[in-house]
Amino acid sequence: MKHLISPLDLSLDELSKLLDLASDMYQNPKKYADVCHGKKLATLFYEPSTRTRLSFEAAMLNLGGSVLGFSSADSSSAAKGESVADTIRVISSYADICAMRHPKEGAPYVAATHATIPVINAGDGGHNHPTQTLTDLLTIKQLKGRLDNLTIGFCGDLKFGRTVHSLIEAMVRYPGSRFVLISPKELKVPTYLREEVLDAHQVPYKEVNVLEEIMPELDCLYMTRVQRERFFNEEDYIRLKDSFILDAAKMQYANKDMLVLHPLPRVNEIATEVDNDPRAVYFKQAEFGVYVRMALIMTLLELTVA
Ligand code: CP
């Protein structure tokens, strides 16, 4: 049984094939319109979501399959105290594959150990968000033409930002990756990521707290939201939430081909005046998320086109 719990569950070769498949799906969607006929995807979302849940559902519908699920813990029997292990045992007899988002780190892994269907981690607390990473990799590959020899700036909440953690873990596998980590000191990347991922792979990186002066060095700028839901203390959130705001004035420091990515949702960290800049690709990124999830569903279900 193959699951996707961590961005590292796919080898570089598997990842390359998956991104190629997603790219073909983007260019030739009709070719894949019946691939999942008769198959069901369950979306088990214990935390709010717009893009991840709906792009998973759109992906399965685009493949000719069906979807079922819940969009909050309150509307499931988790509200009555049911465990993830029991839930996934039941869902395994209702669906062929499932995507799970949960506020607790490791919950999708627990589900995978009790499932008889493939489990996809759709975001677990502040830990990982591997399908966002697949989306990010597809976006960069499509729009930059490569995944190696890139300098990526990560800006905002690098402590709790699971999309940042997952993308760093994925990018260190490509030669020539270099990172600039832009955050307030309270929201720096966790120690495990610095020691076990960046230092262990001897990846060059620097930590700064000013955006403008490093903009000319970047091939991609990955903006993130300061996440109110991860803070224990509202005062800290209010103090830190507007630490970095990308606006048209700051974009003047960037290279003409630098990409601005953001997993979305955005709050204040990118001014809406940036949206019409051709380098702002975050809405295109969200669109690519459908195709990469189509490719993932088809791959995990081991389906092929006729
Ligand atoms: N990028 C992302 O995970 O968005 P949602 O929270 O809307 O799913």
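**Entry 1: the largest cavity**

I began with the lining of the largest cavity, which by class holds 4 nonpolar, 6 polar and 2 charged residues. I note at once that the model is a predicted one. The volume of this largest cavity came out at about 70 Å³. I then asked how many cavities of 30 Å³ or more the structure holds. The count is 4.

I looked up which residues line the largest cavity, and found among them Arg 51, Ser 55, Gln 132 and Thr 135. The stretch His 262, Pro 263 and Leu 264 also belongs to this lining, as do Tyr 282, Gln 285, Ala 286, Gly 289 and Arg 293.

Which helix gives the largest share of the lining of the largest cavity? I recorded α10, with 5 residues. At least two residues each come from α2, α5 (130-144) and α10 (282-300). Both domains take part: domain 1 (7-128 + 289-300) and domain 2 (130-286) each give this lining at least three residues.

**Entry 2: the largest pocket**

I turned next to the largest pocket, where about 400 Å³ of space lies. Its lining consists of 22 residues. I noted those nearest the centre of the pocket: Arg 101, Arg 162, Arg 225, Leu 264 and Pro 265. Sorted by class, the pocket lining has 10 polar, 8 charged and 4 nonpolar residues.

I checked which helices contribute, and found that α2 (51-62) and α6 (162-171) each supply at least two residues of the pocket lining. Here too, domain 1 and domain 2 each provide at least three lining residues.

**Entry 3: the ligand**

Which residues lie around the ligand? I listed Ser 49, Thr 50, Arg 51, Thr 52, Arg 101, His 129, Gln 132, Pro 263 and Leu 264. Of these, Arg 51, Gln 132, Pro 263 and Leu 264 also appear in the lining of the largest cavity.

I then looked up polar contacts. In the side chain of Ser 49, an N or O atom is 2.6 Å from an oxygen atom of the ligand. For His 129, the distance from a side-chain N or O atom to a ligand oxygen atom is 2.9 Å. A polar backbone atom of Pro 263 is 2.8 Å from a nitrogen atom of the ligand. Taken alone, the ligand exposes 250 Å², and the protein buries 91% of that.

**Entry 4: backbone geometry**

Most residues other than glycine have a negative phi, and most peptide bonds are trans. I therefore recorded two places that depart from this pattern.

The peptide bond that joins Leu 264 and Pro 265 is cis, with omega about 5 degrees. Pro 265 belongs to the loop between β9 (259-261) and α10. I add that Leu 264 and Pro 265 are among the residues nearest the centre of the largest pocket, and that Leu 264 is one of the residues around the ligand.

Asn 149, a residue other than glycine, has a positive phi, near 55 degrees. I located Asn 149 in the loop between α5 and β5 (151-155).

Conventions: Residues numbered from 1 in each chain as written. Predicted model: local features only at pLDDT ≥ 70, side-chain atom pairs only at ≥ 80, totals over all residues. Heavy atoms only, no water. 1 Å grid on protein atoms, 1.4 Å probe; cavity = no way out; pocket = protein on both sides within 12 Å on 5 of 7 lines; lining within 4 Å. Points joined across faces, edges and corners; volume = space filled by probe spheres on them. Helix = DSSP H or I, 4+ residues; strand = E, 2+ residues; numbered from the N terminus. Nonpolar A, V, L, I, M, F, W, Y, C, P; charged D, E, K, R; others polar. Domains from an automatic or database assignment. Near = heavy atom within 4 Å. Polar contact = N/O pair within 3.5 Å; in protein donor to acceptor, adjacent residues only side chain to side chain. Areas by Shrake-Rupley, 256 points an atom, 1.4 Å probe, with all protein chains shown as cover.
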